[in-house]
Amino acid sequence: MTEVPNPDAHLAKLILALRGQGVTDPGVLGALESTPREIFTPDLFRDRAWEDSALPIACGQTISQPYIVGLMTQALRLEPRARVLEIGTGSGYQTTVLSKLARLVYTVERYRTLMGEAEGRFRQLGLTNVITRFGDGGLGWPEQAPFDRILVTAAASDEPRALLTQLKPGGILVAPVGKGPVQNLNRYIGDGRGGFEVETLTEVRFVPLLDGVAKEL
Ligand code: SAH
């Protein structure tokens, strides 16, 4: 494992940079500050854990850029009583940030390996409000619906209609939507019956939301 020289200074610099880029919610900044990104990062990239960039993880996926995690979390307007559905657990970094601001986080991942590794990290951190599922998150989690908030951390090629039907009236869904390498980061307010209002917040680059579970590990 590579030692990171003075991780506190790196963290302070990152938080300051995020604030400068518009992540200003004190709760969100606090959650980012108290989430040790180095435990979500592969050994090979551990010395870069506090850079504001996405990094490769197993299964050809990525751990999201801290700025994007901050922006998406802020866009959800979380309340402490919220039950949140997250699609695309990946490393579990975004899940952990959500778990500090919401009552319960349900998270779905289509790679067994990633799900297993993320579960190990949730145990290591002592998180008691994260519920995991290996499966196709494009279908949501009908048994636990409706949710106050839904966050999709992989790019949907079209409006995520199945997920919108699992939102409470007035609930918020944030998702990257688009077919190309650059997508729109959209925020939807649902009416509880699948109807919605939508606004585009910015442009982002996410790995695609794929159908079905992965056959490989
Ligand atoms: N939020 C993660 C980044 C995730 S990258 C983090 O902080 O590390 C996107 C993740 O979505 C990948 O792990 C990918 O396997 C997963 N994914 C893609 N399509 C999916 C689907 N249909 N259901 C569940 N997970 C999916």
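**Close-up views of the ligand site and pockets**

**View 1. The largest pocket has a volume of about 510 Å³.** This model is predicted: local features need pLDDT of at least 70 and side-chain atom pairs pLDDT 80 or more, while totals for chains, interfaces and linings use all residues. Residues are numbered from 1 along each chain as its sequence is written, and side-chain values use heavy atoms, without hydrogens and water. A pocket is an open set of points on a 1 Å grid over the protein atoms alone, where a 1.4 Å probe fits, with protein on both sides within 12 Å along at least five of seven lines; lining residues have an atom within 4 Å of a point. Among the 35 lining residues, Thr62, Thr153, Ala154, Phe206 and Val207 are the closest to the centre of the largest pocket. The lining comprises 16 nonpolar, 14 polar and five charged residues.

**View 2. The ligand sits in the largest pocket.** More than half of its atoms lie within 2 Å of the pocket's grid points. Of the 26 residues around the ligand (a heavy atom within 4 Å), Ser91, Glu109, Asp136, Gly137 and Leu210 come nearest.

**View 3. Polar side-chain atoms of Ser91, Asp136 and Thr153 face the ligand as N or O pairs within 3.5 Å.** The Ser91 side chain has an N or O atom 2.6 Å from a ligand oxygen. Ligand nitrogen atoms lie 2.8 Å from a polar side-chain atom of Asp136 and 3.3 Å from an N or O atom in the Thr153 side chain.

**View 4. The second largest pocket holds about 200 Å³ of space.** Its 13 lining residues include Gly138, Ala156, Pro160, Leu209 and Asp211, which lie nearest its centre.

Key. Polar contact = N/O pair within 3.5 Å; in protein donor to acceptor, adjacent residues only side chain to side chain. Points joined across faces, edges and corners; volume = space filled by probe spheres on them. Nonpolar A, V, L, I, M, F, W, Y, C, P; charged D, E, K, R; others polar.
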